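Me: Please take a close look at one helix of this model and show how its residues sit against the rest of the chain. After that, place it among the other parts.

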Amino acid sequence: ESFGEKLYEGKAKIIYATDDPAVMLTYFKDDATAFNAQKKGQIVGKGQINCAISTYLFKQLEAAGIETHWLETTGDRTMRVKALQIIPLEVVVRNLAAGSLCKQTGLPLGQRLDPPLVEFYYKDDALGDPLLTGDRIRAMAIASEEQIATLRRLALRINQILTDFFMGCAITLVDFKLEFGLDTQQQILLGDEISPDTCRLWDQTTDDEAQRVLDKDRFRQDLGQVEAAYQRVLEKVAAQSAKN
Ligand code: C5P
């Protein structure tokens, strides 16, 4: 495929323009960062793995009626996506307590959250991606009341679809982060990626707290075997996709 002008380089991906202004090309890098880029490293082969996993998961969501930016996966690290005006929010859904939720609330690791939590973080590196409230989102004019309600509804629906899908892989979807954007008709579409970089995934076949981790926490917490864990997720996701 042809790479046009580089539009944006993020921590894990590069976005290129294409001949068509309505289409962009996403390139998945091996670079990994954690703790607001204070920890940096590389996970060899991650780009291919995350591109493949994201492709499978976008296809699952599309099949279930969720509109995403994904159009076509054109190479082992590249996908063509619809150009979106990104909404500067990270929408996090949590089924079990982990990560920053445990740190900030004292809830024990693995505590079930029923109903699941939906949280909005401001996508701003300089501010350290702070947790927002609905009132703050309105005050900052990031999204309207109606758009916030739509984001919450979509996030919860995506959570149902992905939780069921990963259950078929014998993986628990602990939590994950989504990003959304607006198309030319002001419709809200799912953007970005869904991968072990953006989800917490626990292997249901072991209770061992370190061994069960199949996601970026292996990198964040220096648990080792990061590539192997990502590869394992890809194999399970591919096998489960072949079933339905
Ligand atoms: O760190 P925290 O517990 O808030 O993360 C919740 C979920 O969101 C995790 O699955 C994490 O991988 C994801 N996340 C992300 N990008 C961020 C922050 C969190 O993908 N900038």
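Reply: What follows starts with helix 6 and then moves outward to the sheets, the ligand shell and another helix.

The model is a predicted one. Helix 6 covers residues 226-243, and its 18 residues should span 26 Å at 1.5 Å a residue; the C-alpha atoms at its ends are 26 Å apart, so the expected and computed spans agree. Its buried residues are Val226, Ala229, Tyr230, Val233, Leu234 and Val237. Viewed down the helix axis, these buried residues fall within an arc of 140°, and therefore line one face of the helix. An α-helix has 3.6 residues a turn, so residues three or four places apart point the same way. The face of helix 6 turned away from the buried side carries exposed residues, namely Ala228, Glu235, Ala239, Ala242 and Lys243.

What do the buried residues of helix 6 pack against? Their partners are helix 1 (46-63), strand 15 (199-203) and helix 5 (217-220).

Val233 serves as an example from this helix. It counts as buried because it has 23 C-beta neighbours inside 10 Å, where the cut-off for a buried residue is 20 or more. Apart from neighbours within four places in sequence, Val233 is in contact with Ile53, Pro196, Leu201 and Leu214. The C-alpha atoms of Val233 and Asp203 are separated by 9.0 Å, although the two residues are 30 residues apart along the chain.

Strand 15, one of the packing partners of helix 6, leads to a sheet. This is an open sheet of five strands in the order 11-10-9-12-15, with antiparallel pairing. Strand 15 and strand 11 (131-132) are its edge strands, each pairing on one side only. Further inside the order, strand 9 and strand 10 (residues 112-122) pair in the antiparallel sense over seven bridges. Within that pair, Arg94 stands opposite Leu117 in strand 10.

Strand 15 also takes part in the surroundings of the ligand: strand 9 (89-96), helix 2 (99-105), strand 12 (171-178) and strand 15 each supply at least two residues of the shell. Of the 14 residues around the ligand, Gly99, Ser100, Lys177, Thr198 and Arg200 come nearest. By class, the shell has six charged, five nonpolar and three polar residues.

A further open sheet has three strands in the order 8-13-14, again with antiparallel pairing. Strand 8 (85-86) and strand 14 (188-190) each have a single partner strand, so each has one side left without a neighbour in the sheet. Strand 8 pairs with strand 13 (residues 180-182) in the antiparallel sense over two bridges, and the bridge partner of Gln85 in strand 13 is Leu182.

Toward the start of the numbering, strand 1 (residues 6-9) and strand 2 (residues 13-17) pair in the antiparallel sense over three bridges. The two strands form a hairpin with three residues between them. Tyr8 has Ile15 of strand 2 as its bridge partner.

Helix 4 (residues 145-167) can be set beside helix 6 for its span: it has 23 residues and reaches 33 Å from its first C-alpha to its last, close to the 33 Å expected at 1.5 Å a residue. Buried in helix 4 are Leu151, Leu154, Ala155, Ile158, Asn159, Leu162, Phe165 and Phe166.

Terms used: Residues are numbered from 1 along each chain as its sequence is written. This is a predicted model: local features need pLDDT of at least 70, side-chain atom pairs count only at pLDDT 80 or more; totals for chains, interfaces and linings use all residues. Helices (H or I, at least four residues) and strands (E, at least two) are DSSP runs, numbered from the N terminus. The expected span of a helix is 1.5 Å times one less than its number of residues. A residue is buried if 20 or more other C-beta atoms lie within 10 Å of its own, exposed if 12 or fewer, and partly exposed in between; C-beta atoms are placed from the backbone. The arc is that of the directions from the helix axis to the C-beta atoms. Two residues are in contact if their C-beta atoms, placed from the backbone, lie within 7 Å. A residue is near a molecule or strand if its C-beta atom, placed from the backbone, lies within 6 Å of it. Ala, Val, Leu, Ile, Met, Phe, Trp, Tyr, Cys and Pro count as nonpolar, Asp, Glu, Lys and Arg as charged, and the others, Gly among them, as polar. Two strands pair if DSSP finds at least two bridges between them.
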